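Work through the exercises below with the structure open. Each task is followed by a solution in steps.

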Amino acid sequence: MRPVIFALISPLVILTMSSSAFGKDHFPVLKGPYLGQEPPGSIPELFAPGIVSTDHLEIEGVFAPDLKAFYHVRQRKGEKPMVHTIRYQDGQWQPPVEEPRVGEIAISIDGSKMYLGKSYRERTDSGWSEDISLGPDYEDIPIMRLTASAKSTFFFDEREEIGTIRYSRLIDNQREEPKALSSEINSGKWTAHPFIAADESYLIWDSEREGGHGASDLYISFRQQDGSWGSAINMGPDINSKRDDAYGSVTSDGKYFFFHRVDLAEGEGYANIFWVDAQVIENLRLK
């Protein structure tokens, strides 16, 4: 997905087929996992219509590892993008808390860190710390999304038309210099938004490539027995559309795949968050 979405969307009319968002005073009673939503099957569905997916622009949806917090970005027409955090407390999901968007959120596997591109926050007794720099090796890299495996290996992108996804391992408690992944991953345009599996068995990202279904498509590569990355596999027409399909992630229990879909065609734009049974990944692995 093109990374200038927020620069472009402000003057646009934002349209969707979903209903308007509930106000804080009218937030519905939601109990059970995944905001109390009915789980999807093998075809992607809007996630939480009227609650998360509304007539505003919504992107970058991700659950915390404990599945008790859901983060997403919402931008109302003419306003700045805001992060909405919906938490599970006292036996039900609470109305969202808003704060300005400062980076693309990813939570570490153990839930102790919130990565925000080239900075992060640490979990504290009262919430999250102030932003902390990842260090000098990352200061000059225009990172959008950074995710980390259970081994604390970083996978991150660059905000460039010919995007590059890099990785950096933690070896003997020292962070190695970032390295670019192979051309299996780094091909096409707008290559971005990597999501690494906890065990590093697969990597998901989005890119514009020849033979795709439209604009940016979601791709997956599986780790091979020799440690290399396999060929990029387009995640198929049920996941990808003629629009920008991007920002994939899998819930910590391995059950559901989340992504967002953006349309900026002909002077109008909309975006919503979708989810689908993560069996789609295992089906692709078998291929």
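**Exercise 1.** Find which residue of β21 is the bridge partner of Y202, then describe how β21 pairs and how covered it is.

*Solution.*
Step 1. The bridge partner of Y202 in β21 is F222. Strands here are DSSP runs of E with at least two residues, numbered from the N terminus.
Step 2. β21 covers residues 217-222, and strand β20 covers residues 202-208. The two pair in the antiparallel sense over 6 bridges; two strands count as paired if DSSP finds at least two bridges between them.
Step 3. β21 is also joined to strand β22 (residues 233-234) by 2 bridges, again antiparallel. There, Y219 stands opposite N234.
Step 4. Of the 6 residues of β21, 6 are buried (buried is under 20% relative accessible area, exposed over 50%, partly exposed in between, with a 1.4 Å probe and protein chains only). One side carries D217, Y219 and S221, the other L218, I220 and F222, and both faces are covered.

The model is predicted: local features need pLDDT of at least 70, side-chain atom pairs count only at pLDDT 80 or more, and totals for chains, interfaces and linings use all residues. Residues are numbered from 1 along each chain as its sequence is written, and side-chain values use heavy atoms, with hydrogens and water left out.

**Exercise 2.** Is T191 buried or exposed, and which side chain does T191 meet in a polar contact?

*Solution.*
Step 1. Locate T191 in strand β19, residues 189-196.
Step 2. T191 has a relative accessible area of 0%, so T191 is buried.
Step 3. The side chains of T191 and S207 are joined by a polar contact of 2.9 Å. A polar contact is a pair of N or O atoms within 3.5 Å; within protein, one must be able to donate a hydrogen and the other to accept it, and residues adjacent in sequence count only if both atoms are side-chain atoms.
Step 4. Beyond its neighbours within four places in sequence, T191 is in contact (heavy atoms within 4.5 Å) with residues including D157, I165, W205 and S207.

**Exercise 3.** In what order do the 4 strands of the open sheet that contains β13 lie?

*Solution.*
Step 1. The order is β13-β14-β15-β18, with antiparallel pairing.
Step 2. β13 (146-148) and β18 (179-180) are the edge strands, each pairing on one side only.
Step 3. β13 pairs with β14 (residues 154-156) over 3 bridges, and T147 stands opposite F155.
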